[in-house]
Structures are given as C-alpha cells and as structure tokens.
Amino acid sequence: MTATTESEKKKREEEEEPEQVVNPWEVSAKGKIDYDKLIDRFGCQKLDEALISRLEQLTSRTPHVFLRRGVFFAHRDFAEILDAYERGDKFYLYTGRGPSSEALHLGHLIPFMFTKYLQDVFKVPLVIQLTDDEKFFWKNLTIEECRRLARENAKDIIACGFDISKTFIFSDFNYVGGSFYKNMCEVGKRVTYNQAVGIFGFAGEDHIGKVSFPPVQAVPSFPSSFPHLFSGKENLPCLIPCAIDQDPYFRMTRDVAPKMGFHKPALIESLFFPALQGETGKMSASDPNSAIYVTDSAKDIKNKVNKHAFSGGQDSIEKHRQLGANLEVDIPVKYLTFFLEDDDELEHIKKEYGEGRMLTGEVKQRLVQVLTELVERHRRARASVTEEMVDAFMAIRPLPHMFS
C-alpha cells in the first residue's frame with residue numbers, strides 16, 4: 001500500500017512539474033523547447049512571411065539570414081514599427097547583455113548580429129544596456145567584478161560593428177540616476193508585488209534586490225530615460241530585439257507604458273541557440289563543452305564539434321546510407337542554419353545528409369570551417385577595440401547624426 005502511494009505521489013509530482021521552464025534566468029525542457037506553446041503562453045505573435053516580405057520591400061535589403069530561417073520567429077507590434085518607418089517616422093532600438101562571464105559564446109552574439117543588421121537597414125539610434133547590477137543580484141560576483149565584466153563584454157559588442165555615431169552603450173552601475181531613475185520609480189509604483197510574482201516567479205527566499213530589478217530593464221524602452229539623446233523626442237517608439245526568455249520584462253513594460261504616456265515597446269524575438277549536446281534549451285556558460293566561445297581556438301572548435309556536437313546520423317555507414325540523418329535533432333545542421341550564409345548550400349547539405357549521401361563527418365567538417373571563420377573574424381575585430389573606444393561608446397553625449 002505504501003509503495004503504491006509513493007509511486008502515485010511521484011507520478012503526480014511529475015505531472016505537476018512543468019514540461020518547460022522559460023524565464024530570464026532559467027531555460028529548461030523535458031526534450032525540445034515548444035516555441036508554439038511559448039507564443040501562446042506569452043501572448044506574442046508569430047513572425048510570418050508577409051511581415052518579412054514587407055520588411056524587404058520597405059528597406060530594399062535581403063532579409064537577414066536569421067529572418068529567412070526563422071531564428072527570429074516571434075514579435076510584438078513589429079508591423080507598427082514598419083508602419084512608422086513607411087510613414088517616415090523615427091524610432092530607436094534597445095537591446096542588452098547581462099555580463100556574467102569573461103567571454104561570450106555564439107548564442108550571446110546572435111541578438112547583437114541581428115541588431116547590427118536592424119541598425120544598418122533602418123539607420124536608427126541604438127541603446128545597449130549592460131545589466132551589471134542584475135548579475136550582482138543573481139550571481140556570486142562582487143560589484144567590482146560585475147563592472148569589469150561589463151567593460152570586457154562591451155568590447156565584444158563593439159566588435160560586432162555598431163556605428164558609434166548612432167550607438168550609446170551604458171552599464172547600470174554607471175548610468176542609473178536622474179530621468180532614468182524617475183522612470184524606474186514610475187514603473188515600480190505601477191506594478192504590484194503579486195503581479196511581479198506572477199510574471200517572474202519570485203519566491204519567499206528571493207532577496208529584495210531581485211524583486212527591485214525589473215524596472216531597471218524596463219525603462220530603456222522609454223526615450224525620456226536618455227535626455228542626452230532624445231530630449232524633445234519623448235514620443236519615439238522603441239523596438240527591442242532579444243531572445244524570447246526576456247519577454248516577461250517587456251510584458252510588464254507594455255502594461256505600464258500607456259499609463260506613463262509612452263508607446264508600448266515593440267519586440268522581435270529569437271529562439272534559443274542550442275547546446276552542442278542537443279536542443280533542450282540554451283547553451284550554458286557553466287559547461288564549457290556545451291558552447292563555442294569567441295575565445296576558442298580553431299583546434300578547440302574542431303574538438304568541440306567533433307566530440308560533443310549531437311549527431312542525427314545513423315550509428316553505421318550502411319544504415320546511414322539507407323535511412324539518412326534525422327535533421328530534426330542534428331546539431332551541426334542546426335548550427336549551419338544559424339551561420340551558413342548561402343541558402344543554396346544549406347539546402348544541398350540538408351538534402352544530401354537527410355537522404356544518406358553525405359556523412360556526419362562531412363557535415364561537421366563544413367561546420368568547423370564556418371565557425372572557425374566566424375570566430376576568427378570576431379577575434380580580429382575585438383583585438384582592434386581599445387579602452388578609448390569603449391569610453392567613447394559609453395560616453396554620455398548627444399548623437400547628432402543618429403537618424404541620418
């Protein structure tokens with residue numbers, strides 16, 4: 001009787017345990033992330049072909065590979081941003097990074113690569129928030145270490161090629177105050193503790209630093225938080241490119257924005273870059289073999305891909321020739337989908353590999369080439385970023401040519 005009761009209890013606990021957890025601090029799933037469920041749960045919209053075609057038509061530019069292949073797959077009010085652009089109205093971009101590690105992995109680069117494309121095609125200003133305060137609250141790091149990591153991460157961000165005449169990078173420990181802090185207080189007064197618990201899942205053991213943080217990430221969505229940039233332009237809309245795990249912050253922000261007299265920020269959201277071991281969430285900085293880092297050598301990249309990249313190929317050549325690879329679970333193909341520019345080559349690889357004419361080793365070899373070139377290019381760009389350049393991007397200054 002006891003054994004049956006315990007097994008029933010275990011079964012009930014398993015049923016109650018969510019199949020996937022996606023929030024700004026944790027991404028996990030029993031298997032693959034179900035992005036359709038996320039869209040339903042968060043209440044955002046799918047980014048469809050009609051919107052992508054309209055973007056191409058308005059900008060006269062081929063959509064970014066991340067759009068063509070569904071990496072950025074969801075949005076909130078992106079159509080309204082395109083409406084504004086078509087009318088000739090201005091807007092600005094806002095994205096960010098939580099600086100908790102010395103080196104970025106490829107998953108960290110994705111929002112910045114895409115934001116660079118958006119800045120180039122729309123010719124608009126950009127603010128980039130480094131949430132060094134958030135990492136102090138959530139990680140076992142000192143304030144000094146968080147500030148140092150923010151500067152180091154800024155070098156990787158600058159290396160993505162942002163236009164200094166249109167870009168302001170700031171760390172919270174350095175910038176929060178004045179109009180920015182006033183807006184934080186306005187947001188904080190409009191969100192109840194129960195709402196914060198419902199949105200972010202705060203628990204009784206969480207310290208109040210965590211509970212106080214969400215307004216800090218909310219208010220860069222409001223132009224009046226940056227009077228040195230947008231004085232007299234307090235009605236500017238904002239577009240936020242980010243991974244979908246950041247959506248809870250901006251659901252909260254969109255609730256309070258109209259009450260404060262601002263536009264609701266628009267979002268364009270990406271899926272997660274999977275770990276080398278398989279697609280159960282996003283890569284983990286705590287497991288160096290789960291990720292390719294921008295500091296990895298060519299030898300590191302080759303070893304990681306060959307040893308750790310989960311393959312959908314069959315376990316014998318004979319069987320592989322007969323059945324082909326399972327592309328749904330194959331990580332090398334997924335990584336090529338992110339980073340191989342040539343659409344025709346990607347389709348050729350998928351067809352040949354999926355039908356068994358191409359072997360896992362050949363696909364991994366092509367991936368090693370693509371990632372090595374990407375990482376080397378980034379490493380060269382980062383090596384040219386000086387401390388003076390970081391100071392220039394982070395200087396509180398007007399951007400007189402930000403819309404030209």
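**Exercise 1. Two helices in contact**

In this predicted model, Arg 151, Ala 154, Lys 155 and Ile 158 of helix 8 meet Glu 387, Met 389, Val 390, Asp 391, Phe 393 and Met 394 of helix 21. Determine how many residues of each class form the contact of helix 8 with helix 21, and state how the two helices are oriented to each other.

*Solution.*

Step 1. Sorted by class, the contact of helix 8 with helix 21 comprises six nonpolar and four charged residues, with no polar ones.

Step 2. Helix 8 spans residues 143–158 and helix 21 spans residues 387–394; their axes are 10 Å apart, and the packing angle is about 85°.

Step 3. Angles of 65 to 115 degrees count as roughly perpendicular. Helix 8 and helix 21 are therefore roughly perpendicular to each other.

**Exercise 2. A second helix pair**

Establish the relative direction of helix 18 and helix 19, the handedness of their crossing and the residues that make the contact.

*Solution.*

Step 1. The axes of helix 18 (residues 331–339) and helix 19 (residues 343–354) come within 10 Å, crossing at roughly 165°.

Step 2. The cut-off for roughly antiparallel is an angle over 145 degrees. Helix 18 and helix 19 are therefore roughly antiparallel to each other.

Step 3. The crossing of helix 18 and helix 19 is left-handed.

Step 4. Helix 18 contributes Val 333, Leu 336 and Thr 337 to the contact, while helix 19 contributes Leu 346, Ile 349, Lys 350 and Tyr 353. By class, the contact of helix 18 with helix 19 has five nonpolar residues, one polar and one charged.

**Exercise 3. Two residues and their surroundings**

Decide whether Asn 23 is buried or exposed, and do likewise for Ser 221. Then identify the backbone nitrogens reached by the side chain of Asn 23 and the residues that Ser 221 touches.

*Solution.*

Step 1. Asn 23 belongs to strand 1, which covers residues 20–23. Its relative accessible area is 16%, and buried means under 20%, so Asn 23 counts as buried.

Step 2. The side chain of Asn 23 reaches the backbone nitrogen of Trp 25 at 2.8 Å. A polar atom of the Asn 23 side chain also lies 2.7 Å from the backbone nitrogen of Glu 26.

Step 3. Ser 221 is located in the loop between helix 13 (214–218) and helix 14 (227–230). With a relative accessible area of 2%, Ser 221 is buried.

Step 4. Leaving aside residues up to four places away in sequence, Ser 221 touches Tyr 92, Tyr 94, Cys 238, Ile 240, Phe 250, Thr 253 and Pro 265.

**Exercise 4. Backbone angles in two loops**

Give the sign of phi for Ser 60 and for Lys 123, and classify the accessibility of Ser 60 and of Lys 123.

*Solution.*

Step 1. Most residues other than glycine have a negative phi.

Step 2. Ser 60, although not a glycine, has a positive phi of about 55°. Ser 60 sits in the loop between helix 3 (49–59) and helix 4 (65–68), and at 65% relative accessibility Ser 60 is exposed.

Step 3. Lys 123 likewise has a positive phi, near 55°, and is a residue other than glycine. Lys 123 occurs in the loop between helix 6 (106–122) and strand 6 (126–130). Its relative accessible area of 47% makes Lys 123 partly exposed.

Terms used:
Residues are numbered from 1 along each chain as its sequence is written. This is a predicted model: local features need pLDDT of at least 70, side-chain atom pairs count only at pLDDT 80 or more; totals for chains, interfaces and linings use all residues. Side-chain values use heavy atoms; hydrogens and water are left out. Axes are lines fitted to C-alpha atoms, for helices over the stretch in contact, and angles run from 0 to 180 degrees between N-to-C directions. Helices (H or I, at least four residues) and strands (E, at least two) are DSSP runs, numbered from the N terminus. Angles under 35 degrees count as roughly parallel, over 145 as roughly antiparallel, 65 to 115 as roughly perpendicular and the rest as oblique. A crossing is left-handed if the near helix is turned anticlockwise from the far one by less than a right angle, and right-handed if clockwise. Contact means heavy atoms within 4.5 Å. Ala, Val, Leu, Ile, Met, Phe, Trp, Tyr, Cys and Pro count as nonpolar, Asp, Glu, Lys and Arg as charged, and the others, Gly among them, as polar. Buried means under 20% relative accessible area, exposed over 50%, partly exposed in between (1.4 Å probe, protein chains only). A polar contact is a pair of N or O atoms within 3.5 Å; within protein, one must be able to donate a hydrogen and the other to accept it, and residues adjacent in sequence count only if both atoms are side-chain atoms.
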